[in-house]
Amino acid sequence: MKYDIADASLAAKGRDRTEWASQRMPVLRSIAERFARERPLGGIVISGCMHVTTETANLMIALAAGGAKPALCASNPLSTQDDVAAHLAVDHGMPVFAVRGEDNDRYYSHIRSVLDLGPTITLDDGADLVSTVHREKRELLDGLLGSMEETTTGVIRLKAMHKDGALEVPVIAVNDANTKHMFDNRYGTGQSTIDGILRATNVLLAGSTFVVAGYGWCGRGLAFRARGMGASVVVTEVDPLRALEAVMDGFRVAPMDEIAPAGDIFVTVTGDINVIVGRHFDEMKDGAIVANSGHFDVEIDKKTLASMAAEVLRPRESVETYVLSDGRRINLLGEGRLINLSSAEGHPASVMDMSFANQALCSEYLARLPERLTPGVYNVPADIDAEISKLKLGAMGVRIDELTGEQREYLASWEMGT
Ligand SMILES: NC(=O)c1ccc[n+]([C@@H]2O[C@H](COP(=O)([O-])OP(=O)(O)OC[C@H]3O[C@@H](n4cnc5c(N)ncnc54)[C@H](O)[C@@H]3O)[C@@H](O)[C@H]2O)c1
């Protein structure tokens, strides 16, 4: 099969929206222009398992400009934008295997379809491609120059795999680049998670008690934005340092058991499992809203919630209302999957500009290496990270000072006077 998408007639809409995003991705655009001249990815087959959004489409187009043959499947069954999938498949002739709402079997058959193309580089968002290659398609291992990993949860899994001696390919942790997690996870997830909650529910945040589980990069961004809209934000954490930081940032910090009865809106962004469970649902107010923006749909124990419900209603597109036996209603958004992608459009393009500039430049880095790296999890090369911040500032028209010779000498010395 050349591609598997929902509706080829959506291509024109996908093209317009992809071009709209491109206008806000000047760094990726400049890389694509250079790629078109230099063709550093000639002969490289790149299989990506990423959220199929307008920003990802621009990454795929940039890789193709560099001479690569890119293919794409979804990294989440609910995040696919069908018009974007149609645009890439129809207008660019790319093998795209992604249908919004696909079931588990189709999701994994799509992963196998992009791997059947025999990639030399893979792009992952949650390590699904790398783990499928290791489990089912080991014949690909030798030909793989390496893989890139886009998200925190994927990097954690790949490091665990490496620690167990199970990782047989080199992986670059794109998530860990400063120009990725400090911006994408914080500002991107912060804004788009709120966007997803508002599109799903249209509730007023001002005056609400908004509980953020996890004060990592995503949680910080979310907490600050919810406060900016007038919510009273409470943070739950397991790490004392992160909890202390939240306290000093001016947030109330409390255990989930304590805050469960008081929260109006709960959002998990921990990358952990079973953060909100049955005993919390037992305590929640009638009408409480529960959502997740962490990578997997395991942060909210939705199986137990379903088992507690006498009835399940669907009052709005992305809302399931679980009516408990005592009549209280708990509203689960987006089936507990990444709310910013299931009910909004994911991160804004201008932040993905930096994340995907990392993906593009790391693909070039792997392709140009004289020898394949040994298996392991690698940081994005520091010069790539630094170059992206410079390009982004330039595109924003922001200039900064430069160290003088005297200042450089002073900062490097231990002898110069105070
Ligand atoms: N929605 C998106 O588009 C998007 C974007 C980037 C990352 N992510 C995902 O979001 C998750 C968080 O990413 P991050 O970069 O903020 O990670 P992070 O490691 O910086 O932060 C996670 C935080 O959660 C805390 N935590 C862990 N278990 C907890 C628990 N039981 N209760 C309360 N806090 C707990 C940790 O101590 C840590 O401070 C990951 O799964 C990541 O893959 C999602």
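## A first question

Does D83 count as buried or exposed? At 5% relative accessibility, D83 counts as buried. Here buried means under 20% relative accessible area, exposed means over 50%, and partly exposed is in between (1.4 Å probe, protein chains only).

Before going on, a word on the model. It is a predicted one, where local features need pLDDT of at least 70 and side-chain atom pairs count only at pLDDT 80 or more, while totals for chains, interfaces and linings use all residues. Residues are numbered from 1 along each chain as its sequence is written, and side-chain values use heavy atoms, with hydrogens and water left out.

## The whole chain

Let's zoom out. The protein chain has 17 helices and 16 strands. Both come from DSSP runs, numbered from the N terminus: helices are H or I with at least four residues, and strands are E with at least two. The C-alpha trace spans about 70 × 65 × 45 Å along its principal axes. With 418 residues, a compact globule would have a radius of gyration near 22 Å, and the protein chain agrees, because its value is 22 Å. That radius is taken over C-alpha atoms, and the globule rule is 2.2 Å times the number of residues to the power 0.38.

Of the 418 residues, 54% count as buried. Contacts (heavy atoms within 4.5 Å) often link distant parts of the sequence: among those with a separation of 6 or more, 71% are between residues 24 or more positions apart. As for the outside, the accessible surface comes to about 18,500 Å², and carbon and sulfur atoms hold 51% of that. Those areas come from the Shrake-Rupley method with a 1.4 Å probe; for residues, only the protein chains shown count as cover.

## Two open sheets

Now for the strands. One open sheet has eight strands in the order β1-β4-β3-β2-β5-β6-β7-β16, with parallel pairing. At its edges stand β1 (4–5) and β16 (376–379), each with a single partner strand, so one side of each is left without a neighbour in the sheet. Two strands pair if DSSP finds at least two bridges between them. For β1 and strand β4 (residues 96–98), the parallel pairing runs over two bridges, and I5 has A98 in β4 as its bridge partner.

Another open sheet also has eight strands, this time with mixed pairing, in the order β10-β9-β8-β11-β12-β15-β14-β13. Its edge strands are β10 (252–253) and β13 (309–316); each has a single partner strand, so one side of each has no neighbour in the sheet.

## Around strand β11

Have a look at β11 in that mixed sheet. What does β11 (residues 265–268) pair with, and over how many bridges? One partner is strand β12 (residues 288–292), in the parallel sense over four bridges, and I265 has I289 in β12 as its bridge partner. Strand β8 (residues 209–213) is also joined to β11 by four bridges, and these two run parallel. There, A213 stands opposite T268 of β11.

Both faces of β11 are covered. I265 and V267 lie on one side, F266 and T268 on the other, and all are buried.

## Two buried helix residues

Back to D83, which sits in helix α4 (residues 82–91). Leaving out residues up to four places away in sequence, D83 touches L10, A11, K13, G14 and R17. D83 and C362 are 279 residues apart in sequence and 28 Å apart in space, C-alpha to C-alpha.

I339 belongs to helix α14 (residues 339–342). I339 is buried, with a relative accessible area of 0%. Again not counting residues up to four places away in sequence, I339 touches T193, G196, I197, A291, N292, S293, L333, G334 and A344. From I339 to W20 it is 319 residues in sequence and 22 Å in space, C-alpha to C-alpha.

## Two loop asparagines

To finish, here are N202 and N274, each with a positive phi although neither is a glycine. N202 lies in the loop between α8 (178–201) and β8. Its phi is near 55°, and at 62% relative accessibility N202 counts as exposed.

N274 is in the loop between β11 and α12 (278–283). The phi of N274 is about 50°, and N274 is partly exposed, with a relative accessible area of 42%.
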